[in-house]
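User: I'd like to go through this fold piece by piece. Could you take my questions one at a time?

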Amino acid sequence: NNPIPALPKNSLLVSMPKNPVMKSISMIVLLVTCAAFLDGILASTEHVQDFRIIPGQSETIQISLDVPATPASSCKFHYESSGATPENWVLTITGNPQTGELACDVSRQHGAETYLLFNKFSLQLGVDELKQVSVFDNEGRLLEDDQYVVEDSTVQNTPGWSGQIRGIQVKTSISQ
């Protein structure tokens, strides 16, 4: 009458050890195995946000690894631009819990050249000091250091800078 066959009594799926110490050890082994599995899956987390820059506007775009957003795992791009036509851009944040590295990248979609001029820009990542900063001009070359300044967790343009960026990449380490 029962369509589901019974599992053998010594099957792990049916019985746990009766000894409380062995039961505790079995549960710890199971939890450690699950944690290791999930740690491998979550080794690197990435969030991407597409946005449109409309010339003549000032806007701030924010993306975070956490929901709700927290300053420690957020990236915020602020700009003021001028030009002729709107463009599609991408803001990406990546976090690696194993290494504690947090990275943010803002760039023209598909790495294309931009026809915008940026009157101002700033890119803030987390709350800790930036460890690596790369700002690229419209031809994909690194901007000279006198075109931007890095203060704590933020990179921003200097007064009188060229106004051209194709992308910005920043990295930091998350405080433990």
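What follows is a short run of questions and answers on the fold, the sheet, the disulfide and the aromatic rings.

User: Before we start, what kind of model is this, predicted or not, and how are residues numbered?

Analyst: Residues count from 1 along each chain as its sequence is written, and side-chain values use heavy atoms, with hydrogens and water left out. Local features need pLDDT of at least 70 and side-chain atom pairs count only at pLDDT 80 or more, while totals for chains, interfaces and linings use all residues, since the model is predicted.

User: How many helices and strands does the protein have?

Analyst: Helices (H or I, at least four residues) and strands (E, at least two) are DSSP runs, numbered from the N terminus. Along the sequence the pattern reads α-β-β-β-β-β-β-β-β-β-β. The tally is one helix and ten strands.

User: Which strands stand at the edges of the open sheet, and why is one side of each left without a neighbour?

Analyst: Strands count as paired if DSSP finds at least two bridges between them. The open sheet has five strands in the order E2-E3-E6-E9-E8, with antiparallel pairing. Each edge strand has a single partner strand, so one side of it lacks a neighbour in the sheet; the edges are E2 (58-64) and E8 (148-151).

User: Over how many bridges do E3 and E6 pair?

Analyst: Strand E3 covers residues 74-82 and strand E6 covers residues 117-125. Within this pairing, Glu80 sits opposite Lys120 in E6. The two strands are antiparallel, and the bridge count is eight.

User: Which strand pairs with E5 over seven bridges, and which one is joined to E10 by six?

Analyst: E5 runs antiparallel to strand E10 (residues 167-173) over seven bridges, with Asp105 opposite Gln169. E10 is also joined, again in the antiparallel sense, by six bridges to strand E7 (residues 130-136), where Phe136 has Gly167 as its bridge partner. So the partner of E5 is E10, and the strand with six bridges to E10 is E7.

User: Which cysteines form the disulfide, and are they buried or exposed?

Analyst: A disulfide here is a pair of cysteine sulfur atoms within 2.5 Å, and the structure holds one. Its S to S distance is 1.9 Å, between Cys75 and Cys104, and -80 degrees about the S-S bond makes the link left-handed. It links distant parts of the chain, Cys75 in strand E3 and Cys104 in strand E5 (residues 101-108), 29 residues apart. Taking buried as under 20% relative accessible area (exposed is over 50%, partly exposed in between, with a 1.4 Å probe and protein chains only), Cys75 at 0% and Cys104 at 2% are both buried.

User: What is the geometry of the Phe51 and Phe77 pair?

Analyst: Rings of Phe, Tyr and Trp (its six-membered ring) pair if their centres lie within 6.5 Å, with planes under 30 degrees apart called stacked, over 60 edge-to-face and the rest tilted. The whole structure has five aromatic pairs. Phe51 is in strand E1 (residues 45-53) and Phe77 in strand E3, so this pair ties together parts 26 residues apart in sequence. With centres 6.1 Å apart and 50 degrees between the planes, the pair is tilted.

User: Which residues make up the aromatic cluster?

Analyst: Two of its members, Phe51 and Phe77, are buried. The cluster as a whole is formed by Phe51, Phe77, Tyr79, Trp89 and Phe118.

User: What share of the residues counts as buried?

Analyst: The protein has 176 residues. The share that counts as buried is 34%.
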